[in-house]
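Work through the following exercises with the model at hand. Each task is followed by a solution in steps.

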Amino acid sequence: MRSQFFGNMDQGQLPGHFALQNAKMLRVHLNGDVLARQGSMVAFQGQMEFDYEGSGGIGKFMKKALTGEGVPTMRVKGQGLLFLANNAEDIHLFYLENEGITVNGANILAYDAHLQSDIQRVQGAGIAAGGLFNTTLTGTGWVALTTHGTPVMLDCGRAPTFVDGQSAVAWSTGLHVGVNRTFKAGALIGRGSGEAMQLAFQGQGFVLVQASEGPTVPPHTH
């Protein structure tokens, strides 16, 4: 798996059509179709059609309904340049080479339409973690993720790695994932409040960690 941190990698050596217009905007050289987050289109040049992407069968529909995981997507077809963004969040690109990545669905901006997607319970993080589910993307092609703030990429092969459960954006599917809880009173070592819970990663692979739990949702005024 190769990744591009804000345009620092030479894309000329890779097939495909994803590129960073800047740190906040994705440019897709479209000649076919791509799946993107609904409402993420900010501009396009050329001829394109935008269609709601179905749930992919009753099984996936039920998984989304029961788990709350996943993000509404649209299928974009045509030829030209497509520009995507989401709330001016930072964008990180991955190129999968017949492999998989586990992603928090809320962080998905776009991915190649031929990649396979599924909703799965996070390995080792069952009821003890509140029933944590993520989206798994597998195959060969591009994936664009958004993060709230500039993220860090941690190499889990160097040492056991622990990440706040709400700050972990994505990780290699080959990693062993467990749950580490802090029971000491007042040990607020994570971003949340109350009892701290971290995902524990071991093995060869990476974890992408954003700078916060995500944007704050403003309170309702009614």
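**Exercise 1.** Determine whether Asn-98 is buried or exposed, and state which sign its phi has.

Solution. Step 1: apply the accessibility classes, where buried means under 20% relative accessible area, exposed over 50%, and partly exposed in between (1.4 Å probe, protein chains only). Step 2: Asn-98 has 68% relative accessibility and therefore counts as exposed. Step 3: locate Asn-98, which is found in strand S6; strands (E, at least two residues) and helices (H or I, at least four) are DSSP runs, numbered from the N terminus. Step 4: the phi of Asn-98 is positive, about 55°, although the residue is not a glycine. Most residues other than glycine have a negative phi.

The model is predicted: local features need pLDDT of at least 70, side-chain atom pairs count only at pLDDT 80 or more, and totals for chains, interfaces and linings use all residues. Residues are numbered from 1 along each chain as its sequence is written, and side-chain values use heavy atoms, with hydrogens and water left out.

**Exercise 2.** Find where Ala-88 lies and describe its phi.

Solution. Step 1: Ala-88 sits in the loop between S5 and S6. Step 2: its phi is near 55°, a positive value in a residue other than glycine. Step 3: with a relative accessible area of 49%, Ala-88 is partly exposed.

**Exercise 3.** How many salt bridges does a search of the whole structure find? Describe each pair.

Solution. Step 1: the criterion is a side-chain nitrogen of Lys or Arg within 4 Å of a carboxyl oxygen of Asp or Glu. Step 2: the search of the whole structure gives three salt bridges.

Step 3: Lys-24 and Asp-90 form a salt bridge through their side chains, at 2.6 Å from N to O. This pair joins distant parts of the chain, 66 residues apart: Lys-24 is in the loop between strand S2 (18–22) and strand S3 (25–37), and Asp-90 is in strand S6 (residues 90–103). Lys-24 is partly exposed at 36% relative accessibility, whereas Asp-90 is buried at 5%.

Step 4: in the salt bridge between Arg-75 and Asp-33, the closest N and O atoms are 2.7 Å apart. Here too distant parts of the chain are linked, with Arg-75 in strand S5 (residues 73–84) and Asp-33 in strand S3, 42 residues apart. Arg-75 is buried at 19% relative accessible area, and Asp-33 is partly exposed at 30%.

Step 5: Asp-155 and Arg-158 meet in a salt bridge at 3.8 Å, N to O. Asp-155 has 40% relative accessibility and counts as partly exposed; Arg-158, at 74%, counts as exposed.
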